[in-house]
Amino acid sequence: MDAYVPPVEETSGAGSESGPRSGERWEWTQERYRDGMFSHGISSERRRLGLLESLLDGRTRSRITALGLKPGDEVLEVGGGGGSVARWLAEQGARVTVTDLDTTFLEDLTDHGVRVLCHDLYTEDFPPGSFDLIHARYVVLHLPDPDKAVARLAEWLRPGGVLLVEEPASFPVLDSPHPAYRTIMRAFRTHLERSVGSDTGWARTLPVPLESAGLVDIGLDARIQLVNGGDDEAEWWRLNLEQSRQAIVAAGLADDTDFDAAYRELASPSFHDLSLAVLTAWGRRKAV
Ligand SMILES: C[S@@+](CC[C@H](N)C(=O)[O-])C[C@H]1O[C@@H](n2cnc3c(N)ncnc32)[C@H](O)[C@@H]1O
């Protein structure tokens, strides 16, 4: 299918270095994410999401276990993507609801007892106090006001319930010593902010949005993913780039020579670099 290419506009939020970090940066429509460079209709998107899961799930599972997940807990997985976290939560005995703008890759989870909902976390609600645990990974940064999204998620927690947010920030890739990787990462970041509207600097503000939402017992963890030529992180990047290549070239942010040079670096056994920073924050709704 053809990728949705929204009109180019300047972002005014945190991603552009001058703007304020709160308030809606643009008008949200589901189409903006759902039909863009990460559309589930793009043939490589299932594989891109699967690679993300294999790169991130280990840490996610450890964190959720450490936060005290119990059999019978009501759990909400927002923006569930390929569904591996929701499936694992159900295997732990939790009562799981998984949402996404596009549930194509989630439908088979109903066989595992998971409630699958086509639901927009930014515009659609759950009753306040519905869940013991809410998890969002690589979702909130894509919304026009990520702080507002966190506040919405916090409202859906039961007293004593936990919100866990894991979001990437792009600063480690932007000054890479590898010229082709650096050039293409800068182009990709600009395109992501202009087209999807993602704020690739927002995660760096964690855990403040959880504190502002009134959560307590706040925790924060930060790490940087590594990328080595030919590994899963490199392949994940190659798919991200390939899914956006046409639009990036059309916008004049990079050309085909830049893409080919970056792909050569990402495939080279001698390529070792930093990838995205992953900021993980959690907090508990006060028990009454
Ligand atoms: C980068 S993927 C991450 C998928 C999964 N959370 C993971 O980490 O493996 C982002 C997912 O969030 C979904 N998404 C984006 N905006 C959303 C919204 N407003 N409400 C619900 N899901 C959303 C997308 O459709 C996509 O499946």
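A residue counts as partly exposed when the number of other C-beta atoms within 10 Å of its own falls between the limits for exposed, 12 or fewer, and buried, 20 or more. Arg-115 is a handy place to apply this in the present model, which is a predicted one. Because it has 14 C-beta neighbours inside 10 Å, Arg-115 is classed as partly exposed. This residue belongs to strand E3, and, once neighbours within four places in sequence are set aside, it is in contact with Val-96 and Thr-97. Gly-252 lies 137 residues away from Arg-115 along the chain, and the C-alpha atoms of the two are separated by 43 Å.

From Arg-115 the view can widen to the sheet. Seven strands form an open sheet in the order E3-E2-E1-E4-E5-E7-E6, and their pairing is mixed. Strand E3 (115-118) and strand E6 (216-228) are the edge strands, each pairing on one side only. From one strand to the next, the twist averages 15°. Within this sheet, strand E5 (residues 157-169) and strand E7 (residues 272-284) run antiparallel and are joined by eight bridges. Val-162 stands opposite Arg-284 in E7.

Helices accompany the sheet. Helix H4 (residues 146-155) packs on it, touching strand E1 (74-78), strand E4 (131-137) and E5, and the direction of H4 makes about 150° with that of E5. Helix H8 lies across E6 and E7 and runs at about 90° to E6.

Helix H8 also has a helical partner. Two packed helices are described by the angle between their axes and the distance between the axes. For helix H6 (residues 179-195) and helix H8 (residues 232-250), the angle is about 75° and the axes are 10 Å apart. H6 is therefore roughly perpendicular to H8. On the H6 side, the contact involves Ile-184, Ala-187, Phe-188, His-191 and Ser-195, which meet Asn-240, Leu-241, Ser-244, Ala-247 and Ile-248 in H8. Sorted by class, this contact of H6 with H8 has six nonpolar and four polar residues, with no charged ones.

The last feature to visit is the ligand. It is surrounded by 21 residues, of which the closest are Gly-79, Gly-81, Leu-121, Arg-137 and Tyr-138. Helix H2 (45-66) and strand E2 (95-100) each supply at least two residues of this shell, and H2 gives the most, with three residues. By class, the shell around the ligand comprises ten nonpolar, six polar and five charged residues.

Definitions and conventions. Residues are numbered from 1 along each chain as its sequence is written. This is a predicted model: local features need pLDDT of at least 70, side-chain atom pairs count only at pLDDT 80 or more; totals for chains, interfaces and linings use all residues. Axes are lines fitted to C-alpha atoms, for helices over the stretch in contact, and angles run from 0 to 180 degrees between N-to-C directions. Helices (H or I, at least four residues) and strands (E, at least two) are DSSP runs, numbered from the N terminus. Angles under 35 degrees count as roughly parallel, over 145 as roughly antiparallel, 65 to 115 as roughly perpendicular and the rest as oblique. Two residues are in contact if their C-beta atoms, placed from the backbone, lie within 7 Å. Ala, Val, Leu, Ile, Met, Phe, Trp, Tyr, Cys and Pro count as nonpolar, Asp, Glu, Lys and Arg as charged, and the others, Gly among them, as polar. A residue is near a molecule or strand if its C-beta atom, placed from the backbone, lies within 6 Å of it. Two strands pair if DSSP finds at least two bridges between them.
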